[in-house]
Each structure stands twice: as C-alpha cells, then as structure tokens.
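Visitor: I am new to this structure and would like a close look at a single part of it. Please take me through that part slowly.

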Amino acid sequence: QVQLVESGGGLVQAGGSLRLSCAASRSIFSINIMAWYRQAPGKQRELVARITTGGTTYYADSVKGRFTISRDNAKNTMYLQMNSLKPEDTAVYSCATEAPYVSWGQGTQVTVSA
C-alpha cells in the first residue's frame, strides 16, 4: 500500500486557479491508475479525473476543458491543475490509487467564492 497526502487547496474567487498535489510515500511507477475525487457538502463523492501510467486521462464532463490531471513518477506525485474555477467546484478533493490496489488520501478543501 501507499500513503497519499494532498496539498494545495484553499479559498479562491470564481475564475481563479489552484493546483492540487498528491504526494505518495513511495514510488508510483507501478501504480497503474490514479485519480482525483471530490465530495461537496450533502452530495456523493464523484470522480473528477483519472490518469494511467501511460498518461491516458479521463475527465468528468463538469471539469473537462478546465482541469488537467498529470503525474510525475520521478517525484512520486500526481497533480490537478484547476482553472476557471466555479462556486460549484467547492468540495473536499481527495486523491486515490485505483489499480493495482486502492488507497485514499485524507483530502484537501477547495472553496470557490462567487
């Protein structure tokens, strides 16, 4: 298993940008699939973006064109660049490994003011 620690959350005005980081406790080279999820108050957790070892990405329709997921295997870190933020992006963002095993970070709060 691997421990994941998110950072980079905070308060930003609508239209602004944030970059989230997900630092792993060991090499992520062999982790085939990593992802970012978010959970807003009173709502179910939802998948935001996913990336494979080979760089194939998936985005939820709600963030497509605004968010970019990436990973740096040499730094054992995954990123989520969030641009053109909207109030509805407000949530706790968590990173996770999905394959070959599942691990979760504790999450970082992102708040977008109108």
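In which sense do strand 3 and strand 8 pair, and over how many bridges?

Guide: The model is a predicted one. Strand 3 and strand 8 run antiparallel to each other and are paired over six bridges. Strands of a sheet are joined by backbone hydrogen bonds, in either a parallel or an antiparallel way.

This pair belongs to an open sheet of four strands, ordered 1-3-8-7, with antiparallel pairing. The edges are taken by strand 1 (4–7) and strand 7 (67–72); each has a single partner strand, so one side of each has no neighbour in the sheet. From one strand to the next, the twist averages 15°.

A residue to follow here is serine 21, which is placed in strand 3 (residues 18–24). The bridge partner of serine 21 in strand 8 is tyrosine 79. Serine 21 also comes to 6.7 Å from threonine 77, C-alpha to C-alpha, although their positions lie 56 residues apart in sequence. Setting aside neighbours within four places in sequence, the contacts of serine 21 are Val5, Glu6, Ser7, Trp36, Thr77, Met78 and Tyr79. Serine 21 has a relative accessibility of 16%, and the cut-off for buried is under 20%, so serine 21 counts as buried.

After strand 8 (77–82) the chain enters a loop that leads to strand 9 (91–99), and aspartate 89 is placed in this loop. Aspartate 89 has a relative accessible area of 1%, and therefore it is buried. Two partners of its side chain can be named. One is the side chain of arginine 38, with which aspartate 89 makes a polar contact at 2.9 Å. The other is the backbone nitrogen of lysine 86, which the side chain of aspartate 89 reaches at 2.8 Å. Leaving out neighbours within four places in sequence, aspartate 89 is in contact with Arg38, Arg66, Phe67, Ser84, Val110 and Val112.

Another residue to look at is arginine 45. Its charged end sits over the ring of tyrosine 37, 6.0 Å from the ring's centre. Arginine 45 also lies over the face of tryptophan 104, with 3.9 Å to the ring centre.

To return to the part you asked about: strand 3 and strand 8 are paired antiparallel over six bridges, and serine 21 has tyrosine 79 as its bridge partner.

Methods
Residues are numbered from 1 along each chain as its sequence is written. This is a predicted model: local features need pLDDT of at least 70, side-chain atom pairs count only at pLDDT 80 or more; totals for chains, interfaces and linings use all residues. Side-chain values use heavy atoms; hydrogens and water are left out. Helices (H or I, at least four residues) and strands (E, at least two) are DSSP runs, numbered from the N terminus. Buried means under 20% relative accessible area, exposed over 50%, partly exposed in between (1.4 Å probe, protein chains only). A polar contact is a pair of N or O atoms within 3.5 Å; within protein, one must be able to donate a hydrogen and the other to accept it, and residues adjacent in sequence count only if both atoms are side-chain atoms. Contact means heavy atoms within 4.5 Å. Two strands pair if DSSP finds at least two bridges between them. Axes are lines fitted to C-alpha atoms, for helices over the stretch in contact, and angles run from 0 to 180 degrees between N-to-C directions. A charge sits over a ring if NZ of Lys or CZ of Arg is within 6 Å of the ring centre and within 35 degrees of the ring normal.
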